[in-house]
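Reader: I have a model open and would like to go through it with you. Could you explain the reasoning behind each label as we go?

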Amino acid sequence: DHALTLIHELEEHLDDIPRVKRLLLELGRYYDPVLGGGIVDPPLQKAIVGALEAGEIAQAQVLIKARYDAYMRDRAHLGREDV
């Protein structure tokens, strides 16, 4: 699952804000059918980048983990447990 690979790459490069922005933009292009929108929507992208720009890496990690957990629940809901 390419989206999961992108999420893991995002988590590994929180010190590189331009890269984070690119990864978030790409994740926003992946559709979550349960939420009916991008895996990472624009408000969440803004919150993650804002946290990183403020030096609040732990907050960015919390936001990413919460979205990752929700994505995994969505996949299970759709019968996609092949993660």
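Reader: Which residues line the largest cavity?

Author: Happy to start there, with the reminder that this is a predicted model. The lining consists of Ile7, Leu10, Leu27, Val40, Ile48, Ile64, Arg67 and Tyr68. The volume of this cavity is about 40 Å³, and a search of the whole structure finds 1 cavity of 30 Å³ or more.

Reader: How do the lining residues divide into nonpolar, polar and charged?

Author: There are 7 nonpolar residues, no polar ones and 1 charged. Arg counts as charged, while Ile, Leu, Val and Tyr count as nonpolar.

Reader: Which helix gives the most to that lining?

Author: That is H4, with 3 residues. H1 and H4 (57-77) each supply at least two residues of the lining.

Reader: Let's move to H2. What makes its length agree with the expected one?

Author: H2 covers residues 17-28, which is 12 residues. The expected span is 1.5 Å times one less than the number of residues, and for H2 this comes to 16 Å. From the first C-alpha to the last, the helix reaches 16 Å, so the value is close to the expected one.

Reader: Which residues of H2 are buried, and why can they be said to line one face?

Author: The buried ones are Val20, Leu23, Leu24 and Leu27. Looking down the axis of H2, they fall within an arc of 100°, so they line one face of the helix. An α-helix has 3.6 residues a turn, so residues three or four places apart point the same way. As for partners, the buried residues of H2 pack against helix H1 (2-12), strand E2 (37-38) and helix H3 (42-53).

Reader: Why is Leu23 called buried?

Author: Buried means under 20% relative accessible area. Leu23 has 0%, so the label applies. Leaving aside neighbours within four places in sequence, Leu23 is in contact with Leu6, Glu9 and Leu10. Another distance to look at is the one to Ala3: Leu23 and Ala3 are 20 residues apart along the chain, and their C-alpha atoms are separated by 9.8 Å.

Reader: And what makes His2 buried, exposed or partly exposed?

Author: The relative accessible area of His2, a residue of helix H1, is 40%. Partly exposed is the range between under 20% and over 50%, so His2 is partly exposed. Beyond its neighbours within four places in sequence, His2 is in contact with Glu26 and Tyr30. His2 and Tyr30 are 28 residues apart in sequence and 9.3 Å apart in space, C-alpha to C-alpha.

Reader: What about Gly36: why does it count as partly exposed?

Author: The same cut-offs serve here. Gly36 has 47% relative accessibility, which is not over 50%, so Gly36 counts as partly exposed. You will find Gly36 in the loop between strand E1 (31-32) and E2. The C-alpha atoms of Gly36 and Gln59 are separated by 25 Å, with their places 23 residues apart along the chain.

Reader: Last one: how do you know that the buried residues of H3 line one face?

Author: Leu44, Gln45, Ile48, Val49, Ala51 and Leu52 are buried in H3. Seen down the axis, these residues fall within an arc of 160°, so they line one face of the helix. On the other side of H3, Pro42, Pro43, Lys46 and Glu53 are exposed. The length of H3 agrees too: its 12 residues should span 16 Å at 1.5 Å a residue, and its end C-alpha atoms are 16 Å apart.

Note on methods. Residues are numbered from 1 along each chain as its sequence is written. This is a predicted model: local features need pLDDT of at least 70, side-chain atom pairs count only at pLDDT 80 or more; totals for chains, interfaces and linings use all residues. Side-chain values use heavy atoms; hydrogens and water are left out. Helices (H or I, at least four residues) and strands (E, at least two) are DSSP runs, numbered from the N terminus. Buried means under 20% relative accessible area, exposed over 50%, partly exposed in between (1.4 Å probe, protein chains only). The arc is that of the directions from the helix axis to the C-beta atoms. Contact means heavy atoms within 4.5 Å. On a 1 Å grid over the protein atoms alone, a cavity is a set of points where a 1.4 Å probe fits but cannot get out, and a pocket is an open set with protein on both sides within 12 Å along at least five of seven lines; lining residues have an atom within 4 Å of a point. Grid points are joined across faces, edges and corners, and a volume is the space filled by probe spheres set on the points.
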